[in-house]
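Work through the following exercises with the sequence and the 3D structure open beside you, and try each task before you read its solution.

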Amino acid sequence: MVDELLVQHVLAGRLSAYDITAELLPRAPLVRFGLVDIKPSRPRPFAALEVDPVILSRLRGEPPELGAACAPRPADRDLDALEASPGAIAAAIDAVARAARPARIAVRGRTGAGRRTLLAALADHAGRALGVIDATLLPRDADRFVDALRVALRRAQLAGLVPVVHRLDAAIFDHRSGSDVARDVLAAHPGPVAILAPPGAPPPLPLGHTAIDLPPLTETERLAVWQRALDDTHHWLRDSAGVAARYRIGPGVIHRAVAAAAAAATAATTATRDPAAPCDDRIDAFLRQARDLRLGDHARRVDRLATWADLVLPPDIMDSLRELIGRVRHRRTVFEDWGMSRAMATSRGLTALFQGQPGTGKTLVAGVIARELGLDLYQVDLSKVMSKWIGETERNLATIFDAAEDGQAILLFDEADALFAKRTEVRSSNDRYANLEVNYLLQRLDAFEGIAILTTNSGGSIDPAFKRRLSFQLSFPFPDEDTRAELWRAHLPRELPRAGELTFDALARKYQLSGGYIRNACLRAAFLAAQEETPLHQRHLERAVALEFAELGKLSTAGSIA
Ligand SMILES: Nc1ncnc2c1ncn2[C@@H]1O[C@H](COP(=O)(O)OP(=O)(O)OP(=O)(O)O)[C@@H](O)[C@H]1O
Ligand SMILES: [Mg+2]
């Protein structure tokens with residue numbers, strides 16, 4: 001064991017005891033940069049001195065031990081070969097040149113925007129590589145997290161790397177976010193440090209830091225990236241313009257998708273391999289898989305979507321639906337080509353609220369819209385999204401909204417009241433946090449560029465501030481008699497064997513049921529008939545209705561159920 005006294009003895013004659021003490025002061029470089037750690041267990045000059053293992057491995061000529069959370073990341077392309085919006089790279093170079101020393105840099109942008117690639121190229125320009133620290137791999141106890149982060153930053157620096165911390169927002173603590181917990185450590189780190197942050201978020205760095213924003217690529221820029229990535233791997237797309245338009249993703253994801261499609265093509269058996277075949281399907285499959293993975297258990301892809309033909313709705317609602325679909329189809333023309341997004345500060349996203357009693361077709365219509373537009377429908381599971389942990393609900397929502405903005409997906413918030421309900425007067429700290437969630441949602445909806453459908457049974461419970469931000473509101477009426485007859489007819493397929501004429505008009509007149517219950521009754525009646533081994537008879541339908549009413553605790557079949 002080495003202590004200060006021993007050092008004084010060994011170096012006696014060459015350095016005075018005073019000089020050695022001065023070198024070991026907290027502000028002296030040896031200590032400040034963490035080359036030597038003074039263990040506080042005993043008073044000086046008896047305190048143990050420890051040299052960081054990175055220094056030892058350097059002296060031994062071994063690769064440095066960086067720890068599990070930190071991985072070196074060399075640049076994979078030069079600054080001038082980076083794919084980003086014109087001007088973004090020049091602005092970044094300029095910002096870094098003017099940064100205070102030590103440089104503290106936040107690169108903001110969406111997942112897959114190429115934040116790491118940009119930083120790696122910038123570091124490479126200065127003759128360094130990155131040491132990427134994943135905050136989610138550090139301990140989840142706030143105190144241990146802080147210590148581990150400090151060590152990781154120091155090790156990366158001593159190994160000659162520029163530390164970059166990412167996923168701070170995904171590191172969750174009881175009462176604070178990872179960004180909050182890391183703030184002081186980042187400020188105290190004596191060398192250059194960078195973090196990756198989502199767009200618009202204030203980074204947890206001290207005042208005077210350098211913020212670099214990586215804007216999303218435009219459609220034309222994306223097309224160019226796809227083209228280059230495909231050329232590099234000698235693959236091609238049947239509809240590259242369509243793919244560029246559909247997926248609003250960054251260069252990183254584009255390159256990964258092309259690489260995966262290329263790998264899949266190579267792995268195909270010789271029998272199925274066709275070198276000249278386009279890889280559209282493989283790209284779509286990869287991007288859908290990546291989206292499913294990202295949404296994890298917060299949202300589930302609905303895989304049976306209804307068609308126009310399945311809908312029984314009054315003509316005015318059908319017209320509104322066509323208008324809604326048109327809004328998505330002609331977004332680019334109206335907002336970009338016709339300059340409407342410049343003329344008015346409006347979000348380019350589409351958010352619709354469907355209100356109506358249970359079983360009136362709200363969820364069904366969401367599916368029809370997705371099918372019409374050729375998009376995937378994701379039903380958000382609010383019970384998994386809403387968390388008692390502070391900040392986690394927002395983070396889950398951020399993931400969901402981000403994924404939906406990447407394109408090809410519609411978000412469905414069924415029973416949206418749970419999330420979009422009126423803000424409450426703050427009575428307890430819980431109310432305050434609930435209101436924070438609402439505030440986050442309001443701000444996120446303002447910037448939302450994807451498609452989301454909210455459904456509710458009672459429009460009145462939705463916060464008016466949300467309603468103002470919605471691009472579309474549609475009320476689903478309770479079906480009238482004619483519509484009900486049509487619903488009965490629509491729910492019994494032609495193949496179903498029938499005994500005699502079924503009088504749907506009578507059913508419609510007698511029972512005030514919404515589509516959902518008519519569907520249930522039809523299914524039930526079919527099973528009753530199957531059990532009796534007879535074709536479906538009017539009495540099966542009547543009996544099924546009676547059972548539906550009874551199940552709801554209603555003694556009489558008069559009155560409406562929805
Ligand atoms: N307008 C309709 N046209 C055709 N079928 C309908 C209609 N409305 C309801 N149905 C039938 O009822 C079923 C349930 O409807 P859906 O789930 O869309 O109701 P909802 O309005 O979302 O109800 P909830 O508020 O309970 O979620 C549908 O799958 C369909 O079979
Ligand atoms: Mg529904």
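**Exercise 1.** Find out why ligand 1 is said to lie between two domains.

*Solution.* Begin with the domain assignment of this predicted model, which divides the protein chain into domain 1 (4-51), domain 2 (70-213), domain 3 (219-293), domain 4 (308-476) and domain 5 (481-561). Next, look at which domains supply the shell around ligand 1: domain 4 and domain 5 both give residues to it, so the ligand lies between them. As a last step, turn to the secondary structure, where helix H16 (362-373) and helix H24 (515-532) are the elements that give two or more residues to this shell.

**Exercise 2.** Describe the residues around ligand 1 and the polar contacts that its oxygen atoms make.

*Solution.* First, count the surroundings: there are 18 residues around ligand 1, and those that come nearest are Val-312, Gly-359, Lys-362, Thr-363 and His-491. Second, sort the shell by class, which gives six nonpolar, nine polar and three charged residues. Third, apply the cut-off for a polar contact, a pair of N or O atoms within 3.5 Å. Gly-359 has a backbone N or O atom 2.7 Å from an oxygen atom of ligand 1, and a polar backbone atom of Gly-361 is 3.0 Å from an oxygen atom of the ligand. Arg-519 takes part through its side chain, with a polar atom that lies 3.5 Å from an oxygen atom of ligand 1. Finally, consider the cover: of the 630 Å² of accessible area that ligand 1 has on its own, the protein covers 82%, and the space that the ligand takes is the second largest pocket.

**Exercise 3.** Locate Pro-102 and Arg-167, and state what is notable in the backbone at each.

*Solution.* Start with Pro-102, which is found in the loop between helix H5 (88-97) and strand E4 (104-108); the peptide bond that leads from Arg-101 to Pro-102 is cis, with omega near -10°. Then move to Arg-167, in the loop between strand E6 (161-166) and helix H8 (178-188). Although Arg-167 is not a glycine, its phi is positive, at about 65°.

Key:
Residues numbered from 1 in each chain as written. Chains lettered and ligands numbered in written order. Predicted model: local features only at pLDDT ≥ 70, side-chain atom pairs only at ≥ 80, totals over all residues. Heavy atoms only, no water. Polar contact = N/O pair within 3.5 Å; in protein donor to acceptor, adjacent residues only side chain to side chain. Areas by Shrake-Rupley, 256 points an atom, 1.4 Å probe, with all protein chains shown as cover. 1 Å grid on protein atoms, 1.4 Å probe; cavity = no way out; pocket = protein on both sides within 12 Å on 5 of 7 lines; lining within 4 Å. Sits in = over half its atoms within 2 Å of the grid points. Helix = DSSP H or I, 4+ residues; strand = E, 2+ residues; numbered from the N terminus. Nonpolar A, V, L, I, M, F, W, Y, C, P; charged D, E, K, R; others polar. Domains from an automatic or database assignment.
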